[in-house]
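Notebook open, coffee poured. I want to look up the fold, the pockets, the charged pairs and one leucine, in that order.

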Amino acid sequence: MFAKIFLGFVLIPLIDLYILVQIGSKIGTLNAIALCLLTAFVGAALAKSQGVATMQKVQENLNKGIMPAEDILDAVLIFLAGLVLLTPGFMTDIFGLLILFPVTRGYFKRMLRAQFENMKNNPNIHVVHHNSEFTAWTNQDQPRQRIDHDIIDVEVEDNKNDKPLK
């Protein structure tokens, strides 16, 4: 976990800064900054338009009674792309655009689905404290029988001779 945090908050910004300096030395500092800002604005506008269209598809599917699982995954990825695009830097802009384009977004959707499947199949909470242990249940690990003492078993009999209540 520390490696992911280190990568996200230290290594990626340093690489972005290095790329920005290299491009700035070739085309000029102000041009490099303007290009970085332009990609961020264009990407944010694309993310907004695709996000609105995806949320409209989610609403339409919900109104039809269809579970919009794929559209919700698209919405999550478009939101992530928007966040990454607003982070200054060329590498983050390229990564955000890759998430934003529908053709390459499919790859990220498959990765996200695999991560969700892994989280579903493996317990994600495991606590050990002084010889006592707790593990959260997944769908496969839940107890087989539920005991509920407040249930009353009733059978309905239909008697055609009864008069309807007024």
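**Entry 1: burial and surface.** I started with the cut-off: a residue is buried when its relative accessible area is under 20%, exposed when it is over 50%, and partly exposed in between. I also noted that this is a predicted model. With that cut-off in hand, I read that 21% of the 166 residues of the protein chain count as buried. The protein chain exposes about 13,600 Å². I checked which atoms supply that area, and carbon and sulfur account for 65% of it.

**Entry 2: fold.** I listed the elements next. The protein chain has 5 helices and 2 strands. Read from the N terminus, the order is α-α-α-α-α-β-β, so I have the helices ahead of the strands. I then looked at the contacts with a separation of 6 or more, and 46% of them join residues 24 or more positions apart.

**Entry 3: largest pocket.** How much volume does the largest pocket have? I got about 450 Å³. Its lining is made up of Lys4, Val76, Leu77, Leu80, Leu83, Val84, Phe95, Ile99, Phe108, Met111, Leu112 and Gln115. Helix 3 (69–86), helix 4 (90–100) and helix 5 (102–121) are the elements that each give two or more residues to this lining. I wanted to know which helix gives the most. That is helix 3, with 5 residues. By class I have 10 nonpolar residues, 1 polar and 1 charged in the lining of the largest pocket. The charged one is Lys4 and the polar one is Gln115, because Lys counts as charged and Gln falls among the polar residues.

**Entry 4: second largest pocket.** This one comes out at about 290 Å³. I wrote down its lining as Met1, Lys4, Ile5, Gly8, Phe9, Ile12, Pro13, Asp16, Val84, Thr87, Pro88 and Thr92. Helix 1 (residues 2–27) supplies the largest share, 7 residues. The classes here are 7 nonpolar, 3 polar and 2 charged. Reading the two lists side by side, I find Lys4 and Val84 in both linings.

**Entry 5: salt bridges.** How many salt bridges does the structure hold? I have 5. I took the pair of aspartate 71 and lysine 57 to begin with, where the closest N and O atoms are 3.9 Å apart. The two partners sit 14 residues apart, aspartate 71 in helix 3 and lysine 57 in helix 2 (residues 29–64), and the pair links distant parts of the chain. Is aspartate 71 buried or exposed? Aspartate 71 counts as buried because its relative accessibility is 10%. Lysine 57 has 42% relative accessibility, so it counts as partly exposed.

Then I moved on to lysine 109, which forms a salt bridge with glutamate 70, closest N and O atoms 3.0 Å apart. This pair also links distant parts of the chain, with lysine 109 in helix 5 and glutamate 70 in helix 3, 39 residues apart. Lysine 109 is buried, since its relative accessible area is 12%. Glutamate 70 has 35%, so I put it down as partly exposed.

Lysine 109 forms a salt bridge with aspartate 74 too, and there the closest N and O atoms are 3.3 Å apart. Aspartate 74 is in helix 3 and lysine 109 in helix 5, 35 residues apart, another link between distant parts of the chain. Aspartate 74 counts as buried because its relative accessibility is 9%. I followed these pairs outward and found a network of salt bridges that links Glu70, Asp74, Arg105, Lys109 and Arg113.

**Entry 6: leucine 97.** My last lookup was leucine 97, found in helix 4. Its relative accessibility is 21%, so it counts as partly exposed. Which residues does leucine 97 touch, not counting those up to four places away in sequence? I have Gly43, Leu85 and Thr104. I also checked the C-alpha distance between leucine 97 and alanine 81, which is 6.8 Å for a pair 16 residues apart in sequence.

Note on methods. Residues numbered from 1 in each chain as written. Predicted model: local features only at pLDDT ≥ 70, side-chain atom pairs only at ≥ 80, totals over all residues. Heavy atoms only, no water. Helix = DSSP H or I, 4+ residues; strand = E, 2+ residues; numbered from the N terminus. Buried < 20%, exposed > 50% of the residue type's maximum accessible area, 1.4 Å probe, protein only. Contact = heavy atoms within 4.5 Å. Areas by Shrake-Rupley, 256 points an atom, 1.4 Å probe, with all protein chains shown as cover. 1 Å grid on protein atoms, 1.4 Å probe; cavity = no way out; pocket = protein on both sides within 12 Å on 5 of 7 lines; lining within 4 Å. Points joined across faces, edges and corners; volume = space filled by probe spheres on them. Salt bridge = Lys/Arg side-chain N within 4 Å of Asp/Glu carboxyl O.
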